[in-house]
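Here are some worked exercises to try with the sequence and the 3D view side by side. Have a go at each task before you read its solution.

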Amino acid sequence: MCGSDVHYFPPEGIDMSDNRFEDIPFNSPVQPNQLELETKFCFNCYPGISCFNACCKQADITLAPYDIIRLKNRLGMSSGEFLKKHTVPFELDAHGMPGVKMRTTDIDPICLFVDEEKGCTVYEDRPSACRYYPIALMSSRKADEYHDEQHYAHVQEDHCMGHKEDRELTVAEYREEQKVEEFDELNRSFYQLILKKKSTGPALGKPSPTSFQLFFMVCYDTDRFNEFLNAPNFRKIYDISDEDFKLINKDDVERLKFGYRLLKQVLFGEHSIPLVKDAYKNRMEERAEILTARQEAEAAYSRAKDQEPFEKYIED
Ligand code: SF4
Ligand code: SF4
């Protein structure tokens, strides 16, 4: 029977000190139960279902880096144009870590990509959150563990009739059907960075505005990140082969992967990218070079001051 092996909170084997569900608001449609890859649930969605497009007319879609790459390339836009036209900024945490959401119509939260008859007009490149719905992907990391874990939860909203359909499948089958693997792989480091920032919060303190600008540029504004990489000072600091640099220059995905490594290095001091030999003779010099790189980020952003919604990541 549909939904028969969905187990409810607290599921067996879950450590109650685990905080993976603590961010779910009391009245959230996200059900406080953990789904495993093999958990079966009941769902189907297809053109012609009575609620067709209902979810896209109540859209609250947080975008991850690979979502933006897919959408801006589909639309033939630069990342800057896409951000300006199709997104709104918001804060991922109390420190103001930058996030972006999909822009909707002003009065009702109707996704700008939905067509009454055709449904999603960017279907092949729709964001990860749209692919997963009605499953929520949640990342968590226990304080005493280094690696993050991914979990799944069920989202049940009254407008969605898909839950009443007589089709049973596992979370793993649904992930495969929705082709989320590639999105998960390329967005995972983004979630890890956010978790790491959150879990090291008091120790790390509030990152500087320049760090947030770098995070914004790497994760969301990949074309501007490319300009930043091509500034004269960058390769005086970071040791990158010509072959790798060419690849990073021309391929958005390779640039994103490199950007994650750069963020780990600049934000958390991980030595994930080799430095040019003798570039730093001592710690003070290293610090000065990193500051120079950060100043390049500021300079790149000062050239982007026409991107009004993102002034706070652009201004000093
Ligand atoms: S991107 Fe497509 S699937 Fe996602 S909310 Fe918009 S129209 Fe719906
Ligand atoms: S079944 Fe759910 S996901 Fe599908 S169109 Fe209806 S509301 Fe959207």
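Two residues are in contact here if their C-beta atoms, placed from the backbone, lie within 7 Å. Please keep in mind that this is a predicted model.

**Exercise 1. The chain as a whole**

Task: Find what share of the contacts between residues at least 6 apart in sequence join residues at least 24 apart, and how many helices and strands the chain has.

Solution: Start with the contacts: among those between residues at least 6 apart in sequence, 72% join residues at least 24 apart. Next, go through the secondary structure, which comes to 13 helices and nine strands. Finally, look at burial: of the 316 residues in the chain, 26% are buried.

**Exercise 2. Helices α1 and α2**

Task: Work out which residues of α2 are buried and what they pack against, then turn to the burial of α1.

Solution: In α2, residues 79-86, the buried positions are Ser-79, Phe-82, Leu-83 and His-86. They span an arc of only 105° around the axis, so they sit on the same side of α2. Their packing partners are α1 (65-74), β3 (87-91), β4 and α8 (222-229).

Now move to α1. Eight of its 10 residues are buried, so α1 is largely enclosed by the rest of the structure. Among these buried residues are Asp-67, Arg-70 and Lys-72, alongside Ile-68, Ile-69 and Leu-71. Just after the helix, Gly-76 takes a positive phi of about 65°.

**Exercise 3. Two loop residues**

Task: Decide whether Cys-111 is buried or exposed, and do likewise for His-95, with partly exposed as a further choice.

Solution: Cys-111 is in the loop between β4 (98-102) and β5 (114-115). A residue counts as buried if 20 or more other C-beta atoms lie within 10 Å of its own. Cys-111 has 24 such neighbours, so it is buried. Leaving aside neighbours within four places in sequence, its contacts are Cys-56, Ala-59, Met-102 and Thr-104. Lys-57 is 54 residues away in sequence, with a C-alpha to C-alpha distance of 6.0 Å.

His-95 is in the loop between β3 and β4. Its 14 C-beta neighbours inside 10 Å make His-95 partly exposed. Beyond four places in sequence, His-95 is in contact with Lys-206 and Pro-207. The C-alpha atoms of His-95 and Lys-198 are 9.7 Å apart, although 103 residues separate them along the chain.

**Exercise 4. The two ligand shells**

Task: Sort the residues around ligand 1 and ligand 2 by class.

Solution: Around ligand 1 there are 10 nonpolar residues, no polar ones and one charged. That shell includes Cys-56, Cys-111, Cys-120, Arg-126 and Cys-130. For ligand 2, the shell has nine nonpolar, three polar and no charged residues. Among the residues surrounding ligand 2 are Cys-45, Cys-51, Asn-53, Cys-55, His-159 and Cys-160.

**Exercise 5. The largest nonpolar core**

Task: Locate the largest nonpolar core and say which residues have the most contacts inside it.

Solution: The core has 49 residues, and those with the most contacts inside it are Leu-214, Phe-215, Met-217, Val-218 and Leu-263. Helix α7 (residues 209-219) gives the largest share, seven residues. Domain 1 (40-198) and domain 2 (207-314) both contribute to this core, so it lies between them. To follow one of its residues, take Leu-214: not counting residues up to four places away in sequence, Leu-214 touches Leu-263, Val-266, Arg-294 and Ala-297.

How values were computed:
Residues numbered from 1 in each chain as written. Chains lettered and ligands numbered in written order. Predicted model: local features only at pLDDT ≥ 70, side-chain atom pairs only at ≥ 80, totals over all residues. Near = placed C-beta within 6 Å. Nonpolar A, V, L, I, M, F, W, Y, C, P; charged D, E, K, R; others polar. Helix = DSSP H or I, 4+ residues; strand = E, 2+ residues; numbered from the N terminus. Buried ≥ 20, exposed ≤ 12 C-beta atoms within 10 Å, placed from the backbone. Arc of directions from axis to C-beta. Core = buried A, V, L, I, M, F, W, Y, C linked by C-beta atoms within 7 Å. Domains from an automatic or database assignment.
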